[in-house]
Amino acid sequence: MDQITDLNTNPDKRKNSVSLFAKAQGLIPGGVNSPVRAFGSVAATPVFYDRAEGAYIFDVDGNKYIDFIGSWGPMILGHRPPAVMQAVEQQLAKGTSYGAPCEAELVLAELITNLVPNIDMVRMVSSGTEATMSALRLARGFTKREKIIKFEGNYHGHSDALLVSAGSGVATLSIPGTPGVTEGAAKDTLVARYNDLDSVEQLLAHNKDQVAAIIVEPIAGNMGLVPPAKGFHEGLRALCDEFGALLIFDEVISGFRAALGGAQELLNIKADLVTYGKIIGGGFPVGCFAGREEIMKCLAPAGSVYQAGTLSGNPIAMTAGIATLTELAKDGGAVYGRLNAKGALLEQGLKDAVAAAGIEACVQRMGSLATVFFTQGPVTDWQSASRSDTDQFSRYFKLMLEAGFIIAPSQYECLFVSDAHTEADITAFTDAVKAALSEL
Ligand code: KE4
C-alpha cells in the first residue's frame, strides 16, 4: 500500500486547510490552540473546519466528514441541536456576559443537583482544567492535607499538579515531565496505576494522613477507553474512607454521558467531589466542580478557599448547558438507551473489522465511548495502552480521514458517539474501518 504520509498527498482536496495551517503556524504556537488538534502524532496536516451539523462536519475545502470527535465530548446531541440553538439565540438577544449573577446559573445548578443525588452545590468555571484544579485546592483546604494521588494515563487538564504522568495530549506527544512544571508543584502529586488498588494503598500507607484526595477518571478516556476493573472504584471508595482522603471523580468526559447521573450512577459509587465540563456547556466554554454542602461551603465567599473567574457562569454557556441537559433528561433519559445501542453496534462492527483483518488490535467500549487499540488486549492501564502501535494507528487515522470520517488524531483518545449519529452512519464507519484495517 502506498503510504499516506501526509494529507498534502491530496493537495487539491484540502488545499485551504494546508494554507491556513501554514499561516497559523506563524501566529499560534504549533498552529493550534490545543496541541492534540495539530495532528502531530499522526504526521498529517490538520484539517480546518468551516461548519458542522448533526453528525457531520465540513472542512474549509467543502469536504464532508462523519464526526466521531464531537468536539471531544460536548456534542452528545450532535452539532447545532435545534433546542440548544434556539435557547442560545434567545439569550444572545439579551446579552452575552454580565460579570454578575444571572438566573441561568441557578437553573443549571439546580438541574445538576437534581440529576446527581449526592451533589448539594456546584461552582461553575470555564474549563475542565479549572474544575479539577479548583477541586484539588478545595480538597486540600477542606482536609488541611497537601498530597494528592492521580493515575498514570489519566488526564485532568493542564494545571501544574495534574500534568504529572498525564494522558491525552501529554501522552500523545510523548511529553515527559512537562517543562515549566516545577519540582515544588509536582512534589505533592503521587502517581498510582489505574485499576491497581495495591498501588493506591501503598501510597496512602506511605503518606499516612497526608493525602487530601484521590482524583480519578471513573471511566478512563485519555489513554484510550479503559473501563474500570470490577471492584476498582469500590476499593478506592473504601481506601478513601479508611485513610481520610476525599474521592474526586473527574467526570469531564463521563459526566452526563455514561448515564444521566454520570459514572456515579452507572458505577453506583458516591464520590466526595465531582468535576464536569464539555456536555454541561453544550459546546460553550464551561466546567464545574460539585459536591456536598459541607465541603463546597469552604469556597469563597462562603468560606476561605479562594477560587474565581471572569466568565464563570456565563449566561450563554449556562443557557446552552440547561438546554443540553434538559434534552438528555427527556423521557427519563431515553437518549442513553439509544446511545448505548449505537455504541454496541459500533463495538460489534469494530470487532468484526479487527477479526477480518487478523491484526493485533482490540476494541474497548463503555456506552458511547470506544477505542480501537493497536495492541493485544485487554488494555487495563497506561502500561498496556502504551504498548499500542502508534504508527499503525497513524496509518489507520489517515485512511479513515480519506474515507470521510473524523476520529481523534491520537491512539490515546476515544470515539464519541452522539444521538445524531444514525445506525447507517455507524455501519458506514465500521465498514470503512474494515477496509482500512485490511490495507494496513
Ligand atoms: P479542558 O480544560 O480541556 O476543558 O478539560 C480538561 C479535561 C479534564 N478532565 C478530563 C477527563 C478531560 O478529558 C479533559 C480534557 N479532554 C481532552 C480530550 N481528551 C481535551 C482535548 C484537548 O486537550 O484539546
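Biologist: Helices (H or I, at least four residues) and strands (E, at least two) are DSSP runs here, numbered from the N terminus. With that settled, which element gives the most to the lining of the second largest pocket?

Modeller: That's α3, which contributes 5 residues to the lining. A pocket is an open set of points on a 1 Å grid over the protein atoms alone, with protein on both sides within 12 Å along at least five of seven lines, and a lining residue has an atom within 4 Å of a point.

Biologist: And what sort of model is this?

Modeller: It's predicted, with local features needing pLDDT of at least 70 and side-chain atom pairs counting only at pLDDT 80 or more, while totals for chains, interfaces and linings use all residues. Numbering runs from 1 along each chain as its sequence is written, and side-chain values use heavy atoms, with hydrogens and water left out.

Biologist: OK, back to that second largest pocket. How much space lies in it?

Modeller: About 720 Å³. A volume here is the space filled by probe spheres set on the grid points, which are joined across faces, edges and corners.

Biologist: Which residues should I click on to find the centre of the second largest pocket?

Modeller: Try Glu105, Val122, Arg123, Met124 and Ser312, which are the closest to its centre among the 32 residues that line the pocket. The elements giving two or more residues to that lining are α3 (103–115) and β4 (121–125).

Biologist: Does α3 pack on α11 roughly parallel or roughly antiparallel?

Modeller: The angle between α3 and α11 is about 30°, and their axes are 9 Å apart. That puts α3 roughly parallel to α11. The cut-offs are under 35 degrees for roughly parallel, over 145 for roughly antiparallel, 65 to 115 for roughly perpendicular, and oblique for the rest. The axes are lines fitted to C-alpha atoms, over the stretch in contact for helices, with angles from 0 to 180 degrees between N-to-C directions.

Biologist: Who's touching whom in the α3 and α11 contact?

Modeller: On the α3 side you have Ala104, Glu105, Val107, Leu108, Leu111, Ile112 and Leu115, and on the α11 side Met318, Thr319, Gly321, Ile322, Leu325, Thr326 and Ala329. Contact means heavy atoms within 4.5 Å. Glu105 turns up here as part of the helix contact, and Glu105 is also one of the residues closest to the centre of the second largest pocket.

Biologist: What about α2 against α11, at what angle do they pack?

Modeller: Helix α2 (residues 82–92) packs on α11 at about 155°, their axes 9 Å apart. The pair is therefore roughly antiparallel. From α2 the contact takes in Ala83, Val84, Ala87, Val88, Gln91 and Leu92, and from α11 it takes in Pro315, Ile316, Thr319, Ala320, Ala323, Thr324 and Glu327. Look at Thr319 of α11: it is in the contact with α2 and in the contact with α3.

Biologist: New topic: how many cavities of 30 Å³ or more are there?

Modeller: The search of the whole structure turned up 3. A cavity is a set of points where a 1.4 Å probe fits but cannot get out. The largest cavity holds about 90 Å³.

Biologist: What lines the largest cavity?

Modeller: Ala370, Thr371, Val372, Phe393, Tyr396, Ile407, Ala408, Ser410, Gln411, Glu413, Cys414 and Leu415. Two or more residues come from each of β12 (369–373) and α13 (390–402), and β12 gives the most, with 3.

Biologist: And how big is the second largest cavity?

Modeller: About 70 Å³. It has 15 lining residues, with Asp67, Gly70, Met75, Ser418 and His421 nearest its centre.

Biologist: Since α13 came up, at what angle does it cross α14?

Modeller: Roughly 130°, with the axes of α13 and α14 (residues 423–439) coming within 9 Å. The two are therefore oblique. Tyr396, Leu399 and Met400 of α13 meet Phe429, Ala432, Val433, Ala436, Leu437 and Glu439 of α14. Tyr396 also lines the largest cavity.

Biologist: Last thing, the backbone. Where are there cis peptide bonds?

Modeller: One runs from alanine 300 to proline 301, with omega near 0°, and proline 301 sits in the loop between α10 (293–296) and α11 (315–357). Another joins glycine 377 and proline 378, at an omega of about -5°, in the loop between β12 and α12 (382–385).

Biologist: And which residue has a positive phi although it is not a glycine?

Modeller: Lysine 144, at about 60°, in the loop between α4 (128–143) and β5 (147–151).
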